[in-house]
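Please look at the following structure with its sequence at hand. The explanation below it proceeds step by step.

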Amino acid sequence: MSQTPAGVSLDEVRHVADLANLELTAEELPRMARDLNAILGHIAELNQLDTANVPPMAQVAEALGFAPATSGETLRPDTIRPSVDRTLVMAEAPETDGRFFKVPKVIER
Amino acid sequence: MSETLNLETLSIPAARTAVAEGRVTAAALAEQHYDRIAAVDPEIHSYLALSRERALKQAIKIDTAAKAGDTLGPLAGIAIGIKDVLAMQGAPATAGSLILKGYHPPYDATCVAKLEAAGAILLGKLNCDEFAMGSSNENSAYGPVKNPRALDRVPGGSSGGSAASVAAGLCVASLGTDTGGSIRQPAAFCGVVGVLPTYGRISRYGLIAFASSLDRVGPFTRSVADAATMLEVLSGPDTLDATASTQPTASYTTEAAKPVSGLRIGVPEEYFGEGLNPEIRAAIEKSLDDLRAAGCTIHKVSLPHTKYAVPTYYVIATAEASSNLSRMDGVRFGHRSEDSKTLSSMYRQSRDEGFGAEVKRRILLGTYVLSAGYYDAYYRKAQQVRTLLTRDFLTAFAQVDAIVCPVTPTPAFKLGEKTDDPLQMYLEDIYSVAASLAGICGMSVPCGTTQAGLPIGVQILAKHFDESTMLRVGSAIESAQLSR
């Protein structure tokens with residue numbers, strides 16, 4: 001199992017921001033690094049626990065055997081039914097021709 | 001001719017009966033609420049938007065039905081506010097964020113539709129921390145909510161507007177959401193009842209997701225009986241939400257009124273350690289005495305992993321949030337940055353301009369704990385500890401019927417007091433996040449005030465889908481409190 005690293009560097013924060021499609025200003029960057037390190041320091045307390053034989057829990061229904069997969073009761077028949085009105089949906093788009101969402105240039109060279 | 005009702009104390013049955021008997025029209029009652037909002041809310045700031053047209057249309061429908069002598073729904077004429085993370089057609093849904101400024105969802109959340117089908121009048125959308133991330137409502141992009149019981153204090157978060165509006169008589173009940181304490185903590189801070197139903201008890205279709213394995217919808221009310229009525233309307237499966245459980249519901253109003261004699265109440269020592277405000281400790285001990293007097297037996301229980309709940313929560317919740325919030329990208333709805341030349345810069349700039357500091361912080365943390373090389377050390381580890389925290393409760397509930405403990409370590413703190421230190425703010429959730437991770441039900445019930453007059457809440461926890469026992473204990477604490 002990989003160990004919790006001692007601290008997050010500015011470069012790592014930059015890298016994570018990149019992964020998350022977030023832009024951080026020069027003022028935000030050191031502040032976020034400071035906050036992340038404080039929080040991760042607290043999270044490191046989890047390492048006091050031996051969890052070698054403990055199964056991970058993704059969500060509670062599964063852990064209790066209430067998952068829809070075991071009963072099938074929460075699955076509805078796969079039939080065509082009315083959906084949300086497309087014009088109402090497209091009216092919320094920042095840029096649209098009424099049928100498609102328009103975005104700036106995708107391929108960058 | 002219309003009777004004027006006291007909106008600060010109005011209960012669901014009192015309002016419904018007045019409407020049914022024609023002593024006041026639903027339309028007049030809605031207008032009385034809007035008048036009070038206009039007079040009081042500029043200072044409290046609990047509402048972000050009013051949905052007057054929809055409310056009055058529904059009120060006229062109720063009044064016509066009442067006049068015709070038709071059977072009225074359980075919430076007929078009841079004025080209700082909706083947290084702004086829930087979709088309500090015709091009203092904006094900002095989630096307290098600039099990135100969704102101006103967004104009008106083209107459909108209703110299931111819980112919103114259920115309330116209206118039961119006769120409720122939906123007054124508008126309630127302020128909250130941005131994407132429900134916060135414990136003080138100071139993370140709303142539209143300005144904080146103030147605590148109606150003490151205007152220099154926070155109302156709690158993230159459902160601060162939902163708690164404050166009920167406390168201030170700006171609606172009879174409201175909907176909030178709870179991911180790590182966001183219903184129970186503001187209920188405690190504002191002196192109202194707040195219910196965290198079992199995970200899966202209420203449909204989340206139409207809820208803007210924060211952390212999907214934790215998010216729950218629940219009611220705020222001024223009494224336990226009103227909360228039971230709301231739960232009865234809201235609970236049950238939903239073909240639009242596969243996580244809404246098919247576990248049987250109960251007649252919660254009947255269950256809430258049953259005596260508590262013979263119930264075994266657990267008191268977890270881990271929730272009464274250092275850091276707990278002495279006035280809160282004393283108020284909860286008094287409630288335990290009340291339960292003893294009502295015939296309950298009190299037992300010490302242990303929830304040994306409690307101290308790991310906050311770090312576990314902030315790994316799991318932020319990981320899920322980083323994934324859920326990736327949909328906020330300026331393509332299909334919400335804010336798009338104006339001057340981006342390419343798609344990738346459009347994503348980045350839209351998110352940079354649209355998200356506040358706390359949301360960015362949590363997205364970064366969540367992305368970090370999921371990123372290559374750290375997944376096992378953080379995310380998988382937290383999921384394993386989540387199993388241990390859940391086992392703690394299952395073991396305790398083999399010995400007792402309900403657990404009674406504090407909601408928060410301190411009463412409502414001052415605006416600005418904790419904004420500079422995110423970790424301090426997170427530690428505010430110490431008594432609420434374990435129940436969130438375990439998926440059990442819980443509620444906050446007022447149980448006194450501090451010498452300075454700040455409300456104190458007591459938390460009642462019960463096992464999965466046992467809202468009935470939780471409400472019974474809540475009622476017993478409430479009635480003992482009222483008869484003092």
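The paragraphs that follow treat one chain, the contact between two chains, a nonpolar core and a strand with its partners.

The model is a predicted one. It is convenient to begin with chain A, which contains 5 helices and 0 strands. Its pattern along the sequence is accordingly written α-α-α-α-α. Of the 109 residues in chain A, 22% count as buried.

We turn next to the contact between the chains. Here 64 residues of chain B are in contact with 53 residues of chain A. On the side of chain B that touches chain A, the elements giving two or more residues are H10, helix H11 (343-354), helix H12 (357-370), helix H13 (375-396) and helix H14 (422-427) of chain B. The largest share of this side, 13 residues, is supplied by H13(B). In character, the residues on this side of chain B comprise 28 nonpolar, 24 polar and 12 charged.

Which residues touch the most other members of the largest nonpolar core? This core has 181 residues, and the ones in question are Ile78(B), Ile80(B), Ile121(B) and Leu364(B). Helix H10 (residues 309-324) of chain B gives the most to the core, namely 9 residues. Ile80(B) may serve as an example of the surroundings of such a residue. When its neighbours within four places in sequence are left aside, Ile80(B) is in contact with Leu115(B), Ala120(B), Ile121(B), Leu122(B) and Leu123(B), and also with Cys171(B), Val172(B), Ala173(B) and Ser174(B).

The last part concerns strand E11 (residues 455-462) of chain B. Why is this strand described as largely enclosed by the rest of the structure? The reason is that 8 of its 8 residues are buried. In a regular strand, side chains alternate between the two faces of the sheet. In E11(B), both faces are covered. Pro455(B), Gly457(B), Gln459(B) and Leu461(B) are buried on one side, while Ile456(B), Val458(B), Ile460(B) and Ala462(B) are buried on the other.

E11(B) also has strand partners. Strand E9 (residues 402-406) of chain B pairs with E11(B) in the antiparallel sense, over 5 bridges. In this region Val404(B) stands opposite Ile460(B) of E11(B). Strand E10 (residues 441-449) of chain B likewise runs antiparallel to E11(B), and 8 bridges join the two. Opposite Gly457(B) in E11(B) stands Pro446(B). E10(B) and E11(B) form a hairpin, with 5 residues between them. In the turn of this hairpin, Gly453(B) has a positive phi of about 90°.

Definitions and conventions: Residues are numbered from 1 along each chain as its sequence is written. Chains are lettered from A and ligands numbered from 1 in the order in which they are written. This is a predicted model: local features need pLDDT of at least 70, side-chain atom pairs count only at pLDDT 80 or more; totals for chains, interfaces and linings use all residues. A nonpolar core is a set of buried Ala, Val, Leu, Ile, Met, Phe, Trp, Tyr and Cys residues joined through C-beta atoms within 7 Å. A residue is buried if 20 or more other C-beta atoms lie within 10 Å of its own, exposed if 12 or fewer, and partly exposed in between; C-beta atoms are placed from the backbone. Helices (H or I, at least four residues) and strands (E, at least two) are DSSP runs, numbered from the N terminus. Two residues are in contact if their C-beta atoms, placed from the backbone, lie within 7 Å. Ala, Val, Leu, Ile, Met, Phe, Trp, Tyr, Cys and Pro count as nonpolar, Asp, Glu, Lys and Arg as charged, and the others, Gly among them, as polar. Two strands pair if DSSP finds at least two bridges between them.
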